[in-house]
Amino acid sequence: MKKYKLLLTFLVTVLFTACIQIEEEVEIREDGSGMVAARTEMGQLFEMLKGFASPEDLQKEGMDKALDTTILMKDIVDTVQELTAENKALLRNGKLQLQMNMKENLFNINMNFPFKSIADANKLTKAMTEMDVMGKSLKNLGGQQPGPDQPAAMPGSGGGIEKISSMYDISFSNGEYKKVLNKARYDSLISDPKLQESRGMFSMMGDMSLNLTVKVPKKVKSVSNPRAVISADKKTVTLKGDIVAALDSPKLMEIIIRY
């Protein structure tokens, strides 16, 4: 668990200073079940890191070792006191996969949360956005208090990229998926001093993509965002964006899909 804490702390420290690709995916099945997933790729980070740290320093910190592990959320959520019993039940089937290999410039974080019904999907996304469930869960990883070798800054407490999704309210209903801006949470994020400091580095960054893919069980009838692309079978909608553009013009990532 200590290794996970160190890795995740490292992640939050560099999240706004590296080339990032965030892929959000939603799947809705015929019976109302489905999943919400997010894949974050930061492999180019290692190219930057190698320019600032010597091989000896990286080895000392254990960054030279490959890591491929899956953390089950059921092992984490029970340590988060702020969560209700209902939200713990919704989240406990989720998974968090960490992949890190400096030699291959591989650094991925994959999250996957299944839901059993449209009603559960709404409760799940509400918990993940409004309550910052992922941040609280990772902060309490292993139920341990941070010590000298475990810095306290963890995802959910850094006011960084991990809060991008919280700018939007996501809702499900029969025949509709909706992602719309929550202005109060956007204003809170955009005024965060740590984010303001990071914005000065944006001009130095490379690719910072923020993409959304929504798979629905029936043919799409309409899509509100003209930038979205509908697949040939009309059951998948893809909306490609950029993190910097989303922070400056958040409505670019708003979308309503009817099917």
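**Figure 1. Four strands line up in an open sheet, in the order β6-β7-β12-β9, and their pairing is antiparallel.** The edge strands here are β6, residues 168-173, and β9, residues 222-223, and each of these pairs on one side only. Keep in mind as you look around that this is a predicted model. If sheets are new to you: strands of a sheet pair through backbone hydrogen bonds, either parallel or antiparallel.

**Figure 2. Here we zoom in on the place where β9 meets β12.** Strand β12 covers residues 255-258, and β9 pairs with β12 in the antiparallel sense over two bridges. Which residue of β12 does Ser-222 stand opposite? Look across from Ser-222 and you'll find Arg-258.

**Figure 3. Pro-114 sits in strand β5 and has Met-35 as one of its contacts.** Along the sequence, Pro-114 and Met-35 are 79 residues apart, yet in space their C-alpha atoms are 4.0 Å apart. Leaving aside residues up to four places away in sequence, Pro-114 touches Gly-34, Met-35, Leu-90, Asn-93, Gly-94 and Leu-124. Pro-114 has a relative accessibility of 31%, so it counts as partly exposed.

**Figure 4. Phe-107 is another residue to find in strand β5.** Is Phe-107 buried or exposed? Its relative accessible area is just 1%, and since buried means under 20%, Phe-107 is buried. For a sense of distance, try Ala-66: it is 41 residues from Phe-107 along the chain, and the two C-alpha atoms are separated by 9.8 Å.

**Figure 5. Asn-105 is in a loop, between β4 and β5.** Strand β4 runs over residues 95-101 and β5 over 106-115. Now for the backbone angle: most residues other than glycine have a negative phi. Asn-105 isn't a glycine, but its phi is positive, at about 55 degrees. How much of Asn-105 is accessible? The relative accessible area is 24%, so Asn-105 is partly exposed.

**Figure 6. Lys-234 also has a positive phi without being a glycine.** The value for Lys-234 is near 65 degrees. Where does Lys-234 sit? You'll find Lys-234 in the loop between β10, residues 229-230, and β11, residues 236-242. Lys-234 has a relative accessible area of 42%, which means that this residue is partly exposed.

Key
Residues are numbered from 1 along each chain as its sequence is written. This is a predicted model: local features need pLDDT of at least 70, side-chain atom pairs count only at pLDDT 80 or more; totals for chains, interfaces and linings use all residues. Side-chain values use heavy atoms; hydrogens and water are left out. Buried means under 20% relative accessible area, exposed over 50%, partly exposed in between (1.4 Å probe, protein chains only). Contact means heavy atoms within 4.5 Å. Two strands pair if DSSP finds at least two bridges between them.
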